[in-house]
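Let's take a friendly walk through this model together. Have the sequence and the coordinates open as you read.

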Amino acid sequence: MIILKSAEEIQAMLRAGQVVAQAHELVRELIKPGVTTLDLDRAVEEFILKQNAIPAFKGYQGYPASICASVNEVVVHGIPSKDVVLQEGSIISVDIGAFVDGFCGDSAWTYPVGEVDPEVQLLLQTTEEALFQGIEQARVGNRLSDISHAVQKCAEERGFSVVRDFVGHGIGRNMHEAPQIPNFGPPGRGPRLKSGMTLAIEPMVNVGSYHVQVLEDNWTVVTRDSKWSAHFEHTVAITDEGPVVLTIL
Ligand code: MF3
Ligand code: CO
């Protein structure tokens with residue numbers, strides 16, 4: 001069942017989304033060669049708590065940190081570590097979630113560390129653009145898979161692939177609610193979109209093939225071919241006036 005939110009509930013989700021967006025501003029400033037992914041986790045956790053918000057990931061199904069920090073061929077769910085030191089030319093996907101007043105905001109960005117290769121820059125641009133093409137379809141009267149299709153089309157037009165094994169999701173009082181939102185598929189399928197739906201749309205786009213595997217730690221998701229991957233995510237409310245991105249300042 002897809003839970004519709006009232007205007008007041010969407011306001012609370014906006015407050016959560018703004019904390020997440022501010023945490024991303026902080027992370028963006030901190031990312032440079034020599035910084036560890038654990039440094040980023042500590043800074044974000046401290047910031048979220050200072051806003052009287054609650055880190056959404058920490059303790060979720062046993063997840064040990066407040067962010068996911070996924071470098072290069074890591075697709076999602078990289079666990080922050082003092083041993084992962086950022087290097088010039090790498091990319092890092094940072095995923096952040098926070099609860100405010102009982103509602104969750106969830107957003108991921110992939111950042112370059114210093115200067116990256118042109119193909120890598122294109123991967124980042126394309127994944128962000130695919131996210132916004134998906135968001136553009138989050139309109140009353142469309143169907144859910146119109147979002148999926150728009151994301152896939154954008155990524156594949158540039159020669160990249162979209163991950164199949166992980167999907168976006170409804171979001172609200174829980175981080176994960178119905179529906180699941182694949183990043184691929186034909187348009188015109190699935191439930192009709194309604195005012196009051198709140199969705200986390202999150203394309204994961206690979207340079208190589210879409211196949212991924214989970215490492216021994218049961219969290220870290222990597223590409224099978226070890227080529228690099230990017231991840232962008234926003235929490236979006238569907239309103240009669242169109243999609244409203246809650247995780248942008
Ligand atoms: N944005 C991710 C998601 O929607 C973050 C979850 S990481 C976890 O699934 F550790 F909390 F699971
Ligand atoms: Co998410």
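## Strand S8 and its cis bond

Pro-179 sits in strand S8, and the peptide bond that leads into Pro-179 from Ala-178 is cis, with omega near 0 degrees. For context, most peptide bonds are trans, and most residues other than glycine have a negative phi. Keep in mind that the model is predicted.

Strand S8 (177-181) will come up again, since S7 and S8 each supply at least two residues to the lining of the largest pocket. With three residues, S8 gives the most to that lining.

## The largest pocket

How much space lies in the largest pocket? The value is about 450 Å³. The pocket is lined by 23 residues, and the closest to its centre are Tyr-60, His-77, His-169, His-176 and Glu-202. Sorted by class, the lining holds 11 nonpolar, seven polar and five charged residues.

## The cobalt site

Two of those central residues, His-169 and Glu-202, also appear among the protein donors of the cobalt ion (ligand 2). The protein donors are Asp-106 through OD, His-169 through NE2, and Glu-202 and Glu-233 through OE, at 2.0 to 2.3 Å from the ion. Along the sequence, their spacing reads D-x62-H-x32-E-x30-E. His-169 belongs to strand S7 (residues 168-170), while Glu-233 is in the loop between strand S13 (229-231) and strand S14 (234-239), so this pair ties together parts that are 64 residues apart in sequence. His-169 and Glu-233 are both buried.

Why is the arrangement around the cobalt ion (ligand 2) irregular? The six donor atoms subtend angles of 65 to 168 degrees, which makes it so. As a yardstick, ideal angles for six octahedral donors are 90 or 180 degrees.

## Two helices

Helix H3 (residues 118-136) has 19 residues, which at 1.5 Å a residue should span 27 Å; the end C-alpha atoms of H3 are 27 Å apart, so the two agree. Its buried residues are Val-120, Leu-123, Leu-124, Thr-126, Thr-127, Ala-130, Leu-131, Gly-134 and Ile-135. When reading such a list, it helps to recall that an α-helix has 3.6 residues a turn, so residues three or four places apart point the same way.

Helix H4 (residues 144-157) has 14 residues and an expected span of 20 Å at 1.5 Å a residue; its end C-alpha atoms are 21 Å apart, which agrees. H4 is mostly covered, with 10 of its 14 residues buried. Among them are Leu-144, Asp-146, Gln-152 and Cys-154.

## Loops worth a look

Is Ser-66 buried or exposed? At 0% relative accessibility, Ser-66 counts as buried. Ser-66 is in the loop between strand S1 (54-55) and strand S2 (67-71). Between the C-alpha atoms of Ser-66 and Thr-127 there are 23 Å, and the two residues are 61 apart along the chain.

Two asparagines have a positive phi: Asn-52, at about 60 degrees, and Asn-72, near 55 degrees. Asn-52 lies in the loop between helix H2 (37-50) and S1, whereas Asn-72 lies in the loop between S2 and strand S3 (74-76). Asn-52 is exposed, with a relative accessible area of 71%, but Asn-72 counts as buried at 10% relative accessibility.

Conventions. Residues are numbered from 1 along each chain as its sequence is written. Chains are lettered from A and ligands numbered from 1 in the order in which they are written. This is a predicted model: local features need pLDDT of at least 70, side-chain atom pairs count only at pLDDT 80 or more; totals for chains, interfaces and linings use all residues. Side-chain values use heavy atoms; hydrogens and water are left out. Donors are N, O and S atoms within 2.8 Å of the metal (3.2 Å for Na, K and Ca); water is not among the atoms, so sites may look incomplete. Four donors count as tetrahedral if all angles lie between 85 and 135 degrees; four count as square planar and six as octahedral if opposite donors are over 155 degrees apart and all others between 65 and 115; anything else is irregular. Helices (H or I, at least four residues) and strands (E, at least two) are DSSP runs, numbered from the N terminus. Buried means under 20% relative accessible area, exposed over 50%, partly exposed in between (1.4 Å probe, protein chains only). On a 1 Å grid over the protein atoms alone, a cavity is a set of points where a 1.4 Å probe fits but cannot get out, and a pocket is an open set with protein on both sides within 12 Å along at least five of seven lines; lining residues have an atom within 4 Å of a point. Grid points are joined across faces, edges and corners, and a volume is the space filled by probe spheres set on the points. Ala, Val, Leu, Ile, Met, Phe, Trp, Tyr, Cys and Pro count as nonpolar, Asp, Glu, Lys and Arg as charged, and the others, Gly among them, as polar. The expected span of a helix is 1.5 Å times one less than its number of residues.
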